[in-house]
Amino acid sequence: MSAINAVTFSDEIVGRAAHTHRNVHQLVFALSGKLRVTIGSRQYFVDRPSAIFISHLEPHAISVEGHEYRRFCIDLDPEEIERDIKSAKLLS
């Protein structure tokens, strides 16, 4: 079985309010634009090209900073990832 549940592309300049994904980890590849990403209580400013990994248990929000934004989002199955990754440090 593949760990990848879905791959989506977006160029909509729309932020996302705080939310969680209980059933998927997310890997976000920012291709263009600048983002403010809030994960838990911490804020990160992301300039393209960058990748962000968000655990399935972390509340997070994304705010687009500017007039351009293109990204790919890959949803990953937590059980498949945990089965394949042997490093306790990476899993934490």
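This is a short talk walking through one protein structure, from its overall layout down to a few single residues.

Hi everyone, and thanks for coming. Before we start, please keep in mind that what you see above is a predicted model.

Let's begin with the overall layout. The protein has two helices and six strands. If you follow the chain from its start, the order is β-β-β-β-β-β-α-α, so to speak the strands come before the helices. As for dimensions, the C-alpha trace spans about 40 × 30 × 20 Å along the principal axes. How does the radius of gyration sit with a compact globule of 92 residues? Such a globule would come out near 12 Å, and the protein has 13 Å, which agrees.

A few totals help here too. Of the 92 residues, 36% are buried. The exposed surface is about 6100 Å², and carbon and sulfur atoms supply 53% of it. And if you take the contacts with a separation of 6 or more, 73% of them are between residues 24 or more positions apart.

Now, on to the strands. I'd suggest finding S6 on your screen, residues 60-76. Which strands pair with S6 here? One of them is S1, residues 4-10, which runs antiparallel to S6 over six bridges. You can spot that pairing at Ser10, which stands opposite Arg71. Another is S2, residues 16-19, again antiparallel to S6, over two bridges. There, His19 stands opposite His60. Then comes S3, residues 25-39, antiparallel to S6 over 13 bridges. For a landmark in that pairing, look for Arg36, whose bridge partner in S6 is Ser63.

Let's move inside. Which residues form the largest nonpolar core? There are twelve: Val28, Ala30, Leu35, Val37, Ile39, Val46, Ile52, Ile54, Ile62, Val64, Tyr69 and Cys73. S3, S5 and S6 each supply at least two of these residues, and S3 gives the most, with five. Take Ala30 from that core as an example. Beyond its close sequence neighbours, within four places, Ala30 is in contact with Leu35, Arg48, Pro49, Ser50, Arg70 and Arg71.

Pro49 deserves a stop of its own. The peptide bond leading from Arg48 into Pro49 is cis, with omega near -15 degrees. You'll find Pro49 in the loop between strand S4, residues 42-47, and strand S5, residues 50-54.

To finish, let's compare notes on two residues of S3. The first stop is Gln26, which lies in that strand. Is Gln26 buried or exposed? Its relative accessibility is 9%, so Gln26 counts as buried, the cut-off being under 20%. The side chain of Gln26 makes a polar contact of 3.3 Å with the side chain of His21. Leaving out residues up to four places away, Gln26 touches His21, Ile52, Phe53, Ile54, His60, Cys73, Ile74 and Asp75.

The next stop is Thr38, also found in S3. With a relative accessible area of 22%, Thr38 is partly exposed. Setting aside residues up to four places away in sequence, Thr38 touches Gln43, Pro59, His60 and Ala61. And how far is Thr38 from Arg22 in space? The two are 17 Å apart, C-alpha to C-alpha, and 16 residues apart in sequence.

That's the tour. Thanks for listening, and do turn the model around while we chat!

Conventions
Residues are numbered from 1 along each chain as its sequence is written. This is a predicted model: local features need pLDDT of at least 70, side-chain atom pairs count only at pLDDT 80 or more; totals for chains, interfaces and linings use all residues. Side-chain values use heavy atoms; hydrogens and water are left out. Two strands pair if DSSP finds at least two bridges between them. Helices (H or I, at least four residues) and strands (E, at least two) are DSSP runs, numbered from the N terminus. Buried means under 20% relative accessible area, exposed over 50%, partly exposed in between (1.4 Å probe, protein chains only). A polar contact is a pair of N or O atoms within 3.5 Å; within protein, one must be able to donate a hydrogen and the other to accept it, and residues adjacent in sequence count only if both atoms are side-chain atoms. Contact means heavy atoms within 4.5 Å. The radius of gyration is taken over C-alpha atoms; the globule rule is 2.2 Å times the number of residues to the power 0.38. Accessible areas come from the Shrake-Rupley method with a 1.4 Å probe; for residues, only the protein chains shown count as cover. A nonpolar core is a set of buried Ala, Val, Leu, Ile, Met, Phe, Trp, Tyr and Cys residues joined through side-chain atoms within 4.5 Å.
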